[in-house]
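Open your viewer and get ready to select residues by number. This tour goes stop by stop, from the outside to the inside and back.

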Amino acid sequence: MSGGAENMMSETALSVLSISGAITLGAMSPGQSFVLVARTAVASSRRDGMAVALGMGVGCFIFALIALLGLQSLLLALPWLYTTLKVLGGAYLIYLACKMLRGANQPLSVEAVGEQHLGFRKAFTTGLLTQLGNPNTAIVFGSVFAALLSHKISPVMYVVLPVIALTIDVVWYAFVAFVLSSPRPRRTYLRFKAGFDRLGGGVLALLGLKLMLNR
């Protein structure tokens with residue numbers, strides 16, 4: 001195998017790892033998706049919470065694929081746009097970091113009043129539509145992909161990255177549903193929420209700065 005091919009494989013692996021890390025931190029940032037999964041697990045059942053998590057993951061898969069297709073077309077038509085998007089992507093990650101850090105001390109309410117058993121199909125649909133109705137998800141994927149991918153996107157990335165996005169979202173929110181459906185783990189998470197948010201926000205800020213400076 002030539003040195004050029006080895007370098008390309010190494011660069012691709014680094015991009016996949018970096019993107020996976022950014023998507024994971026984005027998924028872990030408490031927001032409407034987190035609250036929906038948590039409240040479903042608390043008010044309905046752990047199974048319905050898992051179904052919502054699966055719907056969220058499928059929505060991420062769709063957004064990731066759309067972001068990749070649109071990004072490739074833009075970069076082929078406007079090569080100079082790569083540097084611009086890299087800077088904007090880094091700036092957006094810093095914005096997410098600031099938002100995460102500002103909300104670290106804000107209490108997160110996941111308790112629900114009464115029980116409302118959704119059923120698997122309804123819970124899945126709720127998760128899917130909630131994800132697809134959140135434009136921030138599309139912006140995050142577009143920013144991360146623009147910042148961390150090279151000009152020429154390898155064809156394998158059109159499969160690998162959407163699957164990674166789906167897997168990360170499903171695993172994280174399934175974990176949320178599993179943990180927060182039990183009172184004691186739920187109280188433990190909420191007690192240390194501020195520390196988790198500060199750690200995640202700090203990592204996102206460093207990643208954003210690195211992307212903006214390394215052009």
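How much area does the protein expose, and what share of it do carbon and sulfur atoms supply? The exposed area is about 11,300 Å². Carbon and sulfur atoms supply 68% of that area. Keep in mind that this is a predicted model.

**Stop 1: the whole chain**

Switch to a cartoon view. You will find nine helices and zero strands. Read from the N terminus, the elements run α-α-α-α-α-α-α-α-α. The protein has 215 residues, and 42% of them count as buried. Now think about contacts between residues at least 6 apart in sequence. Of these, 90% join residues at least 24 apart.

**Stop 2: the largest nonpolar core**

In soluble globular proteins, nonpolar side chains tend to be buried together. Here, the largest nonpolar core holds 39 residues. Select Ile-19, Phe-141, Phe-145, Leu-149, Leu-161, Tyr-173 and Val-176, which touch the most other members. Next, color the helices that give two or more residues to this core: H1 (3-28), H2 (32-43), H3 (46-77), H6 (135-148) and H7 (157-180). Which helix gives the largest share? That is H7, with 12 residues.

Zoom in on Phe-141. Set aside its neighbours within four places in sequence. Phe-141 is then in contact with Ile-23, Cys-60, Phe-63, Ala-64, Ala-67 and Ala-165.

**Stop 3: Asp-169**

Move to helix H7 and select Asp-169. Is Asp-169 buried or exposed? Asp-169 counts as buried, because its relative accessibility is 4% and the cut-off for buried is under 20%. Show what surrounds this side chain. Leaving out residues up to four places away in sequence, Asp-169 touches Ala-27, Met-56, Gly-57, Cys-60 and Gln-131. You have met Cys-60 already, as a contact of Phe-141.

**Stop 4: two cysteines**

Stay on Cys-60. This residue is buried, with a relative accessible area of 3%. Now select Cys-98. Cys-98 is partly exposed, with a relative accessible area of 36%. How many disulfides does a search of the whole structure find? The search finds zero.

**Stop 5: Ser-15 and its distant partners**

Go to helix H1 and pick Ser-15. Ser-15 is buried, with a relative accessible area of 10%. Draw a distance line from its C-alpha to the C-alpha of Leu-149. The two residues are 134 residues apart in sequence, yet 6.2 Å apart in space. Not counting residues up to four places away, Ser-15 touches Leu-148, Leu-149 and Met-157. Leu-149 was also on the core list at Stop 2.

**Stop 6: Ile-164**

Return to helix H7 and select Ile-164. At 16% relative accessibility, Ile-164 counts as buried. Which residues does Ile-164 touch, beyond those up to four places away in sequence? They are Val-16 and Ser-20. Draw another C-alpha line, from Ile-164 to Val-16. These two are 148 residues apart along the chain, and their C-alpha atoms are separated by 8.8 Å.

**Stop 7: a patch on the surface**

Finish outside, with a surface view. Select Ile-62, Ile-66, Leu-129 and Leu-132, which make a nonpolar surface patch of about 340 Å². Helices H3 and H5 (120-132) each supply at least two residues of the patch. Click on Ile-62, which sits in helix H3. Ile-62 counts as partly exposed, at 32% relative accessibility.

Methods
Residues are numbered from 1 along each chain as its sequence is written. This is a predicted model: local features need pLDDT of at least 70, side-chain atom pairs count only at pLDDT 80 or more; totals for chains, interfaces and linings use all residues. Side-chain values use heavy atoms; hydrogens and water are left out. A nonpolar core is a set of buried Ala, Val, Leu, Ile, Met, Phe, Trp, Tyr and Cys residues joined through side-chain atoms within 4.5 Å. Buried means under 20% relative accessible area, exposed over 50%, partly exposed in between (1.4 Å probe, protein chains only). Helices (H or I, at least four residues) and strands (E, at least two) are DSSP runs, numbered from the N terminus. Contact means heavy atoms within 4.5 Å. Accessible areas come from the Shrake-Rupley method with a 1.4 Å probe; for residues, only the protein chains shown count as cover. Patches are made of residues with over 30% relative accessible area and no salt bridge: like charges are joined within 9 Å, nonpolar side chains (Val, Leu, Ile, Met, Phe, Trp, Tyr) within 5 Å. A salt bridge is a side-chain nitrogen of Lys or Arg within 4 Å of a carboxyl oxygen of Asp or Glu. A disulfide is a pair of cysteine sulfur atoms within 2.5 Å.
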